[in-house]
Amino acid sequence: MSDEDYHVEDLLLDLNRKKEKKKLNSGRKGKRGEHSICKTLIERFDKPFSRVIGSGAHGHRAALTEEAKLILTGDIVCPPNFRFTIESKHGYPEIDLCNALDGGHKLLDGFMEQVEKDAKRIHRKPLLCWKKNRLPCIAFIKQEDLPNFRDFKMHLCYNDWVAVALTELLKKDNNFFFEIP
């Protein structure tokens, strides 16, 4: 047998390349998802919404001005009088709501904790938008922020959060989403 019969080094390189590609694609998926949420919000409200560059990675820095924190907290830059901080999650096929109802789901709980901390920091309400591949987007909102959630024909209560279809939540009146100056 010659050295040409074995290509262990090439195999390991190929495995590393696949890991890099997967990580890169998940980042692209997140950005595409954030753009999709922005497009939906712009169409609904006819106001500017855009992705936060770095998706909220700067909002926790104490040296930022209050105005900068408003812009850089969460995943979506919202108009100044918008009541919510939005965290956008796309993919995560490992999250199964059936399993979450039996003791919770650590990853989903982490997303909720993240958006709740971000919202508290800038005195807004938390809103988590999660979309699995080829499925509708689900909006998770605190029950206290959606007291009439039972008006939604389809909803799911999870701890002190309510999950509804984002398309259904966006049917609510503008006064629900915006503070009137």
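A salt bridge here is a side-chain nitrogen of Lys or Arg within 4 Å of a carboxyl oxygen of Asp or Glu. By that criterion the side chains of Glu34 and Arg51 meet in a salt bridge, with an N to O distance of 2.6 Å. The structure is a predicted model. Its protein chain has six helices and seven strands, and buried residues make up 36% of its 181 residues.

**Overall chain**

- Along the sequence, helices and strands follow the pattern α-β-α-β-β-α-α-β-β-β-β-α-α.
- Of the contacts between residues at least 6 apart in sequence, 58% join residues at least 24 apart.
- The protein chain has an accessible surface of about 11700 Å², and carbon and sulfur atoms account for 55% of that surface.

**The five-stranded sheet**

- An open sheet is formed by five strands in the order 3-4-5-7-6, with mixed pairing.
- Strand 3 and strand 6 (156-158) are the edge strands, each pairing on one side only.
- On average, neighbouring strands of this sheet are turned by 25° against each other, direction ignored.
- Strand 3 (residues 84-90) runs parallel to strand 4, and seven bridges join them; among the paired residues, His90 has Lys131 of strand 4 as its bridge partner.
- Strand 4 also pairs with strand 5 (residues 138-142), here in the antiparallel sense over four bridges, and Trp130 stands opposite Ile138 of strand 5.
- Six residues lie between the strands in the hairpin of strand 4 and strand 5, where Arg134 takes a positive phi near 60°.
- Strand 4 (residues 125-131) is largely enclosed by the rest of the structure, because five of its seven residues are buried.
- Strand 6 and strand 7 (residues 161-165) form an antiparallel pair over three bridges, in which Cys157 has Val162 of strand 7 as its bridge partner.

**Salt bridges**

- The structure holds seven salt bridges.
- Side chains of opposite charge can pair when their charged atoms come close.
- In the pair described at the start, with N to O at 2.6 Å, Glu34 belongs to helix 1 (residues 8-45) and Arg51 to strand 1 (residues 50-51), so that distant parts of the chain, 17 residues apart, are linked.
- Glu34 and Arg51 are both buried.
- Glu113 and Lys117 form another salt bridge, at 3.2 Å from N to O. These two residues are separated by about one helical turn, because they are four residues apart in helix 4 (residues 106-121).
- Glu113 counts as partly exposed, at 44% relative accessibility.
- Asp160 forms a salt bridge with Lys142, whose closest N and O atoms are 2.6 Å apart. This pair links the loop between strand 6 and strand 7, which holds Asp160, to strand 5, which holds Lys142, across 18 residues.
- Lys142 is buried at a relative accessible area of 5%, whereas Asp160 counts as partly exposed at 38%.
- Glu116, Lys142 and Asp160 are joined into one network by salt bridges that share partners.

**Cysteines**

- Zero disulfides are found in a search of the whole structure.
- For Cys78, which is in no disulfide, the nearest cysteine sulfur is that of Cys38, 7.9 Å away.
- Cys78 is buried, with a relative accessible area of 8%.
- The sulfur of Cys137 has its closest cysteine sulfur in Cys129, at 4.8 Å, which is too far for a bond because a disulfide requires sulfur atoms within 2.5 Å.
- Cys137 counts as buried, at 13% relative accessibility.

Conventions
Residues numbered from 1 in each chain as written. Predicted model: local features only at pLDDT ≥ 70, side-chain atom pairs only at ≥ 80, totals over all residues. Heavy atoms only, no water. Buried < 20%, exposed > 50% of the residue type's maximum accessible area, 1.4 Å probe, protein only. Pairing = 2+ DSSP bridges. Axes fitted to C-alpha atoms, helices over the stretch in contact; angles between N-to-C directions. Contact = heavy atoms within 4.5 Å. Areas by Shrake-Rupley, 256 points an atom, 1.4 Å probe, with all protein chains shown as cover.
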